[in-house]
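Please look through the structure below with some patience, following a few helices and single residues one after another.

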Amino acid sequence: MKVLITDKINEKAADIVKAVAEADNLPTMSEDELCNIIGNYDALLVRSQTKVTDKVIKAGKNLKIIGRAGVGVDNIDLNSATEHGIIVVNSPDGNTHAAAEHTLALMLSMARNVPDAVISTKEGNWERSKFTGVEVFGKTLGVIGFGKIGQHVAKVALALGMNLVVNDPFTTKEFVEKFGGKYIENLDDFWALPDFITLHTPKTPETTHLINENTLAKMKDGVRIVNCARGGIIDENALKAALESGKVASCAIDVFEDEKNIQGCVLREFGKNVILTPHLGASTSEAQINVALDVAEQVKEVLSGGDATSAVNIPALKPQKLEPVKDYMSIAENIAQMASQLSKGNLKDIEIEVKGTLADLDVSALEVAILKGVLSTNLMGVNYVNAPLIAKNRGISVTVKKSHQTTDYIGSITVKLNSDKETTEISGAMIAEHIKRIVKLNGYNTSIKPEKFMLLVPHVNKPGMIAAVATVLGADNVNISRMQVVQKSNKTNLDEKSMMIINTDNEVSDATLDKISKIDGIFDSKFVKLSV
């Protein structure tokens with residue numbers, strides 16, 4: 001067997017894989033150059049520079065595994081890899097300490113005006129009073145997103161004598177209190193508490209511009225903000241205005257809305273109260289070594305016939321368990337993703353029910369797919385391997401019920417998410433070989449294909465509603481690929497609500513969604529993205 005290593009991955013990775021295969025360590029190549037040689041290799045290790053496209057994957061006729069030395073896998077065509085039976089692995093934990101330490105470094109540098117004081121002193125000035133800072137001791141740190149990085153930041157902050165408040169819908173009050181902090185369930189109650197705010201959440205439709213004009217107005221005067229998570233969680237124009245008004249005393253930003261055009265970032269206009277770094281969260285020698293060793297060990301294990309620990313596209317399950325239910329894996333994950341995006345409040349538990357022929361099978365693989373779908377909506381680094389552990393660590397219980405009850409389908413799956421505010425229930429089924437459908441949505445009967453972009457529009461059942469919504473979408477250049485109007489099974493009169501379920505060819509912006517929501521007779525429209 002042979003392994004190709006590229007993108008200047010640490011040489012220790014080659015030493016690991018050489019235990020089971022030959023290893024070639026070559027410079028970063030173009031797509032055509034890679035295609036010319038990839039057919040000779042059983043495994044490929046890359047960082048972010050190499051683009052592992054569908055063309056490369058098709059040329060890699062012997063590939064069994066692709067390893068990404070890092071967290072993100074945006075440079076790898078996951079759909080193509082999955083289609084061709086190639087495992088893709090990453091290293092979700094290799095840069096945890098690096099990202100947490102950079103967050104803390106930025107927070108302390110911001111509090112003490114370190115960058116500008118350094119520049120001033122090197123220029124020959126002695127301006128002590130100009131750079132008077134603030135202590136973090138006794139201040140309140142607000143952490144949004146309490147995964148491994150957020151927890152590490154919080155641990156150090158507590159050691160520095162800070163108070164801790166946490167908001168994360170995927171953790172529990174008991175866990176945060178045991179950790180030493182105070183759990184704030186509602187974000188509206190969170191904003192006014194911290195002196196410092198740090199973000200450790202992925203960028204999702206729910207977290208995009210989480211910090212905006214409205215949320216900034218709810219914060220303490222003189223708040224200080226750190227973002228080493230993802231660009232786009234902060235509305236940079238709104239932050240600029242808050243800095244100008246003094247609402248925000250200072251900020252330290254490592255990630256940006258448009259990192260390919262940092263010259264256009266409005267935060268570059270500011271002086272001493274703004275610290276900007278070029279996405280350095282994972283940029284330590286140790287982190288680069290850790291991620292290289294991690295993926296190399298996984299490649300070695302898979303080539304030896306074992307399982308990967310951080311597979312991002314294929315469950316690390318025995319073939320005899322996966323084979324009988326494999327056709328249902330995709331629809332299980334899709335309905336879970338949809339339920340998670342529609343659910344309001346803090347998730348408490350998940351109920352799964354399988355009916356028909358599925359009731360006679362081991363459905364543990366489907367349970368994993370559902371957990372991945374639910375958790376990945378709001379958390380980074382969730383995959384088929386770690387989803388059960390993440391759910392367990394966050395106190396999310398899962399129950400599975402099997403029923404031989406006769407249905408309209410050979411086998412169906414229902415996912416019910418119970419939060420502190422409501423229950424969200426969605427069912428999916430295979431209506432024919434390779435044809436998956438969402439068949440029930442919070443009491444509405446339907447049979448619609450799950451697609452990447454879906455718009456759900458509950459409305460009063462009266463003339464003109466479809467035309468009104470279509471007019472808004474058309475005006476905003478959103479194309480409708482298909483649509484259904486569905487009703488609840490217990491519908492008794494024309495005054496009850498119906499729902500439009502619309503598949504679109506492109507994303508529906510918040511602005512468009514707002515226009516639709518203002519149409520008379522429309523209720524709580526939602527835009528959902530699925531990884532179909």
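Helices, which are runs of H or I of at least four residues, and strands, which are runs of E of at least two, are taken from DSSP and numbered from the N terminus. The model is predicted, so that local features need pLDDT of at least 70 and side-chain atom pairs count only at pLDDT 80 or more, while totals for chains, interfaces and linings use all residues. Residues are numbered from 1 along each chain as its sequence is written, and side-chain values use heavy atoms, with hydrogens and water left out.

A good place to begin is helix α17, which covers residues 465-475 and has Met465, Val469, Val472 and Leu473 as its buried residues, where buried means under 20% relative accessible area, exposed means over 50% and partly exposed lies in between, computed with a 1.4 Å probe on protein chains only. Seen down the axis of α17, these buried residues fall within an arc of 95°, so they line one face of the helix; the arc is that of the directions from the helix axis to the C-beta atoms. On the other side of α17, Thr471 and Ala475 are exposed. The buried residues of α17 pack against the strands β19 (453-460), β20 (480-487) and β21 (497-504) and against helix α18 (510-517), and this rests on contact, meaning heavy atoms within 4.5 Å. Just after α17 comes Asn477, which takes a positive phi of about 65°.

Helix α12, residues 285-303, can be read in a similar way. It has 19 residues and reaches 27 Å from its first C-alpha to its last, close to the 27 Å expected at 1.5 Å a residue, the expected span being 1.5 Å times one less than the number of residues. Among the buried residues of α12 are Ala287, Val291, Val295 and Leu303, and, seen down the axis of α12, its buried residues fall within an arc of 160°, so they line one face of the helix. Ser285 and Glu286, on the other side of α12, are exposed. What covers the buried residues of α12 includes β1 (2-5), α1 (12-17) and α5.

Helix α5 (residues 96-111) holds Ser109, and because its relative accessible area is 19%, Ser109 is buried. A polar atom of the side chain of Ser109 lies 2.8 Å from the backbone oxygen of Ala105. Leaving aside neighbours within four places in sequence, Ser109 is in contact with Val114, Pro115 and Ile275.

Conventions: A polar contact is a pair of N or O atoms within 3.5 Å; within protein, one must be able to donate a hydrogen and the other to accept it, and residues adjacent in sequence count only if both atoms are side-chain atoms.
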